[in-house]
Amino acid sequence: MTISVKIKSSTNFVAFERPTEVDLIIRIVPESFVKFSGIHYVILIDNSPSMLKENKLQTAIASANRLSNEIPPGNYLSIYLFSNDLEKIYEGQTGVPVMIPQQIKKGYTTNFHKAITKILEIVRGYTTPVKLIILSDGKPTDKRNVKDYEGIQIPPHVQIISIGIGNDYNEAIMKRLADKGAGVYYHILDPSQLPTIFVQQKVSDVAGYNLVLNVPPGFEVLNYEMPVNIPIIDKAITVYAVGNIPAGGQPVVLNVSGSYYDPARGMIVPINEAIYLQRAPYAVVQQNINQSVVAEVRYFNLLKQYGNALMMGNTKEATQIAQELIVAAEQTRREDLIEETRKLTGDKKADLSEVTRTMRQQ
């Protein structure tokens, strides 16, 4: 077995006489790794006029070159520019220097939605995992509202890493794309941070890929889109879910199902894990609550609400939730969450970036 699935529940009992809220922490844990090749890194870089300032475009291309040199051979790298239209300027195997034309054509606008739609059509046909890195410093000139991006379908084998530079791009769109693509969104002010962020995307050892995970009916996942699709499993993954079990007399079985591709065995491996909840009076249920699980799931529920409030521009609500997050983080007794919560400042771009990275633990 290269991957194990472990489920922690907030309770082992559900009430006879009233609905019971149940919190789940689902851990996908790699048990062994293999060297893996075949990942396709696709880098989409805005080349509108503003990207020429502060050497942003050249720094992005240099960062792609460094990433290519550090990724083991046998993987692939494609670089596209977008402004007026999508333009491929490089494609080749990794492990070698990137050969880019010295004179790069300057764009004149930021047709962001058009570029995203086109690049997803291109990578839809790839059979192995894709890391799509999207970089922009400006607001879209074609589709400017985050609602315009809700209908975009991200293929399940594609992870999106979105990077916004400066203070003149649409952070809500960047975050939404990262959420839909099971990735993270980075907000940076200094282009010199790009090489580090690019290299962080390097993958060499994996336990599996193209993971699909289904939570029990009626449960909501807090930190991933549903159904959960995770293209690359190169570390432990945690999924937080909440649901309500109706009153009743029969015990309840909660099933977590799905599958992943195991490159060591060259086959798709099914996932089927279950937990059993006994019926009991409500008082017994309350006496047997796992407060540690409740605290951790509550934290991520609040973090999701905080991100949503920022996205909606509801400053008052976001401030209130931020105060609740401080308390909730302390209750988890997890130093990493306490530290991440301290980083929240109310700055919309910076905080939305922190939210996605904490949600996906990157």
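**View A. A hairpin of three residues joins strand β6 to strand β7.** In this predicted model, the two strands that the hairpin links, β6 with residues 76–82 and β7 with residues 86–93, pair in the antiparallel sense, and seven bridges are found along the pairing. One position that can be picked out in this pairing is Y80, which stands opposite K88 in β7.

**View B. The largest nonpolar core of the model has 50 residues.** The residues with the most contacts inside this core are L44, F112, L120, L132 and Y306. Helix α6, which covers residues 291–312, gives the most to the core, contributing nine residues. Apart from this core there is a second, separate one of 34 residues, which includes I45, I71, V184 and I232.

**View C. L44 is shown together with the residues that it touches.** When residues up to four places away in sequence are not counted, L44 touches Y80, F82 and L86, as well as A115, I116 and I119, and also the run of L132, I133, I134 and L135. Among these partners, Y80 is the residue that stands opposite K88 in View A, and L132 is, like L44, listed with the most contacts inside the largest core.

**View D. D23 is a buried residue that has no salt bridge.** D23 lies in strand β3, which runs over residues 20–30. The nearest side chain of opposite charge belongs to R298 and is 8.8 Å away, whereas a salt bridge would need the charged atoms to lie within 4 Å. Leaving aside neighbours within four places in sequence, D23 is in contact with K8, S9 and S10, with A241 and V242, and with V293, V294 and V297.

Key:
Residues numbered from 1 in each chain as written. Predicted model: local features only at pLDDT ≥ 70, side-chain atom pairs only at ≥ 80, totals over all residues. Heavy atoms only, no water. Pairing = 2+ DSSP bridges. Helix = DSSP H or I, 4+ residues; strand = E, 2+ residues; numbered from the N terminus. Core = buried A, V, L, I, M, F, W, Y, C linked by side-chain atoms within 4.5 Å. Buried < 20%, exposed > 50% of the residue type's maximum accessible area, 1.4 Å probe, protein only. Contact = heavy atoms within 4.5 Å. Lys, Arg positive; Asp, Glu negative; His and termini not counted.
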